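User: I would like to learn how to read folds, strand pairing and salt bridges from a set of coordinates. Please show me the structure to begin with.

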Amino acid sequence: MAPTHDHPGERAATDPIRLLAIRETPLSVDEIFRAVGDDAAGGTALFVGTVRNHDGGQDVGALGYSCHPSAQDELRRVAEKVAADFPVRALAAVHRVGDLQVGDLAVVVAVSCPHRAEAFEACRKLIDDLKHEVPIWKHQRFSDGTEEWVGAC
C-alpha cells in the first residue's frame, strides 16, 4: 500500500496549542512533554533552556526574569504563527519569571508533528521567535558584583 498524505494525522490539529504560560514557579519538562502527546505525531521536539554559570566571559551567580504585561498575549501570537506555518499536532511553551539560580529551567518548549523534520523546524522557530518577540527580560548578576539587563529574553 502506497503512503498517503491524505490521512487526517498528516495535517495540523484543529487546536494544537495545548499549554502556554509564564510562571513564577519551577518548570517541569514532564508536564510540557505530556502536553504535546498526540497519537498522530511521529516526531516530538523539545527544547529546555537552563540558567548557565557564565555569559560573555563572566561567571553568572544568579539571574532574574521579568516580563511586560503583554507577554502572555505575545507568546500566544508566536505560538499561533508557528502552528499556522507547520503541521503542528500539539505545541506547548512555558517560561519562568522571577529569581533563578544556575541550573534552573528558564524555558521549556515542545512541538509534535507528523514527522521529525517538521517537529525540529517548528520547535526551533518557536524558541527563536519566543526569544526575539516576547517581551521577557533577563537581569544577570555576575560573581564580580556587576550586572546587566538582556532584552527580549
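Analyst: The turns below go from the overall fold to single side-chain pairs. This is a predicted model, in which local features need pLDDT of at least 70 and side-chain atom pairs count only at pLDDT 80 or more, while totals for chains, interfaces and linings use all residues. Residues are numbered from 1 along each chain as its sequence is written, and side-chain values use heavy atoms, with hydrogens and water left out.

User: How many helices and strands are there in the protein, and in what order do the elements run?

Analyst: Helices (H or I, at least four residues) and strands (E, at least two) are DSSP runs, numbered from the N terminus. The protein has three helices and nine strands, and from the N terminus on they follow the order β-α-β-β-β-α-β-β-β-α-β-β. Its C-alpha atoms fill a box of roughly 65 × 30 × 25 Å along the principal axes.

User: Which strand is joined to β8, and how do the two run?

Analyst: Two strands pair if DSSP finds at least two bridges between them. Here four bridges join β8 (residues 136-142) to β9 (residues 147-150), and the two run antiparallel. Gln140 stands opposite Glu148 in β9, and in the hairpin, with four residues between the strands, Gly145 takes a positive phi near 95°.

User: How many salt bridges does a search of the whole structure find?

Analyst: A salt bridge is a side-chain nitrogen of Lys or Arg within 4 Å of a carboxyl oxygen of Asp or Glu, and the search finds 11 of them. One of these joins the side chains of Arg18 and Asp38, at 3.0 Å from N to O. This pair links distant parts of the chain, since Arg18 lies in strand β1 (residues 17-23) and Asp38 in the loop between α1 (29-35) and β2 (43-50), 20 residues apart.

User: Are Arg18 and Asp38 buried or exposed?

Analyst: Buried means under 20% relative accessible area and exposed over 50%, with partly exposed in between (1.4 Å probe, protein chains only). Arg18 counts as partly exposed because its relative accessibility is 37%, whereas Asp38, at 17%, counts as buried.

User: Where do Glu80 and Arg76 lie?

Analyst: Both lie in helix α2 (residues 71-85), four residues apart, about one turn of the helix. Their side chains meet in a salt bridge of 3.8 Å, N to O; Glu80 is partly exposed at 41% relative accessibility, and Arg76 is partly exposed at 38%. Elsewhere, salt bridges that share partners join Arg18, Asp38 and Arg89 into one network.
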